[in-house]
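Hi,

Here is the structure I promised to pass on. Have a look at it first, then read on for my notes.

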Amino acid sequence: MSDFEKVKSKLATYKQEHLLRFWDHLDSDQKEKLLKQINALNLAYINGCIQECLESLQRETRCNDDDMQPVPDSVLGRVSQIEPDILKEYRKEGLKKISEGKVGLLLLAGGQGTRLGVSYPKGMYNVGLPSNKTLYQLMGERLWRLQELAAEVNGGKPAIIPWYIMTSESTRQQTEEFFEQHNFFGLDRQNIIYFEQGYMPCVDFDGKILMDSTSSIARAPDGNGGLYSSLRRNRIIEDFRRRGVECLHAYCVDNILVKVADPTFIGFCTSKNAGCGVKVVEKTDSTEPVGVICKYKNKYHVMEYSEISTKASEMRVSDGSNRLVYNAGGIANHFFTVDFLENVISQDDKLHHHVAKKKIPHVDEAGNFVSPKTPNGIKMEKFIFDVFQFTNDFAVWEVIRSDEFSPLKNADSAGVDCPTTCRESVFQLHRKWIEAAGGKLISCNQSSLSNQEDDNEARKSEPQKAGNLICEVSPLASYEGENLEDYVKGKELTAPLLINPKTETAMKLHN
């Protein structure tokens, strides 16, 4: 039996024969490409996923309120409520682990900047800071600075944090070339490890795999939860073990404020003997479209906002704080031990795909390319937080939103989670650092502005004044606000301002 006949028979078993519909019109290269794509499909597995996803579309997506419980206090820590001395201990423990080479950094960077209006990886995006640094550069330089801080606590012995970067087929080459062009942001090339996430075929609402050309299957990345199968497929666990990495900080590429390999977070999770941990921010608006960490049927879970009833989402605690009961908003920021990841990988088949109804470009039965105006099919994804169910040794670390979370998802026209909001978040945080270090930042008209408790309100009431206070602290000068006294203490500094470690003092920008 020829390769073609074998493929045809295999497709018939799973009722996907239409993938060969245009076979007689393809040239030899196109035929080879299509056979290669089909042979790469685990059709038995994919067919099971398709049936499961189609069935899920028919089920009620709301969860039962009686099966939900908020995160227990025993696993929860809040930056805003913990004594400074305890925070210092957590940070010290995290830096110690880093200095011993036991911490790795895991970046999820498979997404293109489509919603930003660009065709390159999102990590290469420049939001327009005074330094013109991209997301990748900001992260790389924070990592470099953190290694320096860890070396200081270990008598100057170099500290290494290997950086694992999960790309996709569409972002890998550009990402690698970008890092090389920028000299790996001062980091050692040997400690930057790239690997790719997998793909799943896109299907219509009848379960038929779609094609994006007459010789190519329509595919989409398998979600950030594809991390676990990718770790296995690319033998990354073995690399963790070889390097002596015992735990990792995992995060998504689009958060401009991310504290990479955050030593305080690592120290907190270690203090809880957690195999798995998550950073959250307080959800204060019940309608905010963010997943909530909770317990569901006695297992840790992330409940999507669409799954929670209005009654449950609006419930507030009765201790006078008026906090929402379900207030632990996820920010795609996680802690894992390597032991936990190894266990998860062995159970990856227990993770179910989530369904996203999408407008999927495809070729129709006549071979015409179609760009649908309404959803015509589904994409199947796994989520990184689906593994919470596998642990009872969990840790939840609530951080201050304005200090650590400002995602880049949209173009400026959306008005939220966009380049402008990301820039303003950086300026707000760095003004806070400068004032904490004893500096006084003033606008061009010489009127000073102290840090506001609610800087968002300040921007609304005094947009021109706040907008003048442009300031940026290079990650090479400070990882989280430390080491700035020599630059700013006792000084009145005029915005716009860039604090760069190459100079003895703060450096004013010139337009």
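Below is what turned up, first for a sheet and then for a pair of helices.

Keep in mind that this is a predicted model.

On the sheet: three strands form an open sheet in the order β7-β19-β16, and the pairing is antiparallel. The edges are taken by β7 (203-204) and β16 (354-358); each has a single partner strand, so one side of each is left without a neighbour in the sheet. A helix also packs on this sheet: α3 (residues 43-56) touches β7, β16 and β19, and its direction makes about 115 degrees with that of β19.

If you want to check the strand register, β7 pairs with β19 (residues 377-381) over two bridges, in the antiparallel sense. For Asp204, the bridge partner in β19 is Gly377.

Now the helices. How far apart are the axes of α8 and α11, and at what angle do the two pack? The axes of α8 (residues 236-243) and α11 (residues 338-345) are 11 Å apart, and the packing angle is about 160 degrees. With angles over 145 degrees counted as roughly antiparallel, that makes α8 roughly antiparallel to α11. The crossing of α8 past α11 is left-handed.

As for who meets whom, α8 brings Ile237, Phe240 and Arg241, while α11 brings Val338, Asp339, Leu341, Glu342 and Ile345. Sorted by type, the residues of this contact come out as five nonpolar, three charged and no polar.

Shout if anything looks odd on your side.

Cheers

Definitions and conventions
Residues are numbered from 1 along each chain as its sequence is written. This is a predicted model: local features need pLDDT of at least 70, side-chain atom pairs count only at pLDDT 80 or more; totals for chains, interfaces and linings use all residues. Side-chain values use heavy atoms; hydrogens and water are left out. Two strands pair if DSSP finds at least two bridges between them. Helices (H or I, at least four residues) and strands (E, at least two) are DSSP runs, numbered from the N terminus. Contact means heavy atoms within 4.5 Å. Axes are lines fitted to C-alpha atoms, for helices over the stretch in contact, and angles run from 0 to 180 degrees between N-to-C directions. Angles under 35 degrees count as roughly parallel, over 145 as roughly antiparallel, 65 to 115 as roughly perpendicular and the rest as oblique. A crossing is left-handed if the near helix is turned anticlockwise from the far one by less than a right angle, and right-handed if clockwise. Ala, Val, Leu, Ile, Met, Phe, Trp, Tyr, Cys and Pro count as nonpolar, Asp, Glu, Lys and Arg as charged, and the others, Gly among them, as polar.
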